[in-house]
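Colleague: I should like to work through the reading of a structural model, one feature at a time. Could we take each general idea and then its case here?

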Amino acid sequence: QVQLVESGGGLVQPGGSLTLSCAASGTIFIISNMGWYRQAPGKQRELVATITSGGTTNYADSVKGRFTISRDNAKNTVYLQMNNLKPEDAAVYYCNTEAVITPFLPSRDYWGQGTQVTVSS
């Protein structure tokens, strides 16, 4: 089993910053893509940012220029630096990783439990 634990969420004022982290643990052969998704009340879960094992990043248009995704492969950890936060960024943020547990078997997605980000004056 792969366990993903997110941390770093909380309450921040508009224009403020937060850094989220997600650490993967368990029996893992390789981790390929990692990413962050978010879900606001009444809305579908949406992609925020992804990063490949080689460091290639992809961002939702709504967060480009404000959010930065990074990873520490030695620690199996992915980060999301969020700057200039807006009220519309408020959501539960979920960590996602695509991992191979057993060699030569297909990779699969694993999800964290989510961490709440609230943006309010």
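**Reading the contacts and the sheet**

Modeller: Let us begin with the charged pairs: by the distance rule, this predicted model holds 4 salt bridges.

Colleague: Which side chains are linked in a network of salt bridges?

Modeller: The network consists of Arg 38, Glu 46, Arg 66 and Asp 89. Within the network, Arg 38 meets Asp 89 with an N to O distance of 3.0 Å. That contact links distant parts of the chain, since Arg 38 belongs to strand E4 and Asp 89 to the loop between E8 and E9, 51 residues apart. Asp 89 also forms a salt bridge with Arg 66, with 2.7 Å between the closest N and O atoms. Here too distant parts of the chain are linked: Arg 66 lies in the loop between strand E6 (57–59) and E7, 23 residues from Asp 89.

Colleague: Are Arg 38 and Asp 89 buried or exposed?

Modeller: Both Arg 38 and Asp 89 are buried, and Arg 66 is buried as well. Another salt bridge joins the side chains of Asp 61 and Lys 64, at 3.1 Å from N to O. Asp 61 is exposed, because its relative accessible area of 64% is over the 50% cut-off.

Colleague: How many disulfides are there, and how should one be read?

Modeller: In general, a disulfide is a covalent bond between the sulfur atoms of two cysteines. The count here is 1 disulfide, formed by Cys 22 and Cys 95, whose sulfur atoms are 2.1 Å apart. The link is left-handed, with -85 degrees about the S-S bond. Cys 22 is in strand E3 and Cys 95 in strand E9, so the bond ties together parts that are 73 residues apart in sequence. Cys 22 has a relative accessible area of 0% and is buried; Cys 95, likewise at 0%, is buried.

Colleague: Which strands make up the open sheet, and in what order?

Modeller: The open sheet has 4 strands in the order E1-E3-E8-E7, paired antiparallel. E1 and E7 are at the edges with a single partner strand each, so one side of each has no neighbour in the sheet. From one strand to the next, the twist averages 15 degrees. The pairing can be followed residue by residue. E1 and E3 run antiparallel and are joined by 6 bridges, with Val 5 having Ala 23 of E3 as its bridge partner. E3 and E8 also pair in the antiparallel sense, over 6 bridges, and Ala 23 stands opposite Thr 77 in E8.

Colleague: Where do the side chains along E1 point?

Modeller: The general idea is that side chains in a regular strand alternate between the two faces of the sheet. In E1, Val 2, Leu 4 and Glu 6 point to one face and are buried. Gln 3, Val 5 and Ser 7 point to the other face and are not buried.

Colleague: Which residues of the largest nonpolar core touch the most other members?

Modeller: Nonpolar side chains tend to be buried together in soluble globular proteins. In this case the largest nonpolar core has 30 residues, of which Trp 36, Leu 80, Met 82 and Tyr 93 touch the most other members. Several strands each supply at least two residues of this core, including E1 (2–7), E3 (18–26), E4 (30–39), E8 (77–82) and E9 (91–100).

Technical notes
Residues numbered from 1 in each chain as written. Predicted model: local features only at pLDDT ≥ 70, side-chain atom pairs only at ≥ 80, totals over all residues. Heavy atoms only, no water. Core = buried A, V, L, I, M, F, W, Y, C linked by side-chain atoms within 4.5 Å. Buried < 20%, exposed > 50% of the residue type's maximum accessible area, 1.4 Å probe, protein only. Pairing = 2+ DSSP bridges. Disulfide = S-S within 2.5 Å. Axes fitted to C-alpha atoms, helices over the stretch in contact; angles between N-to-C directions.
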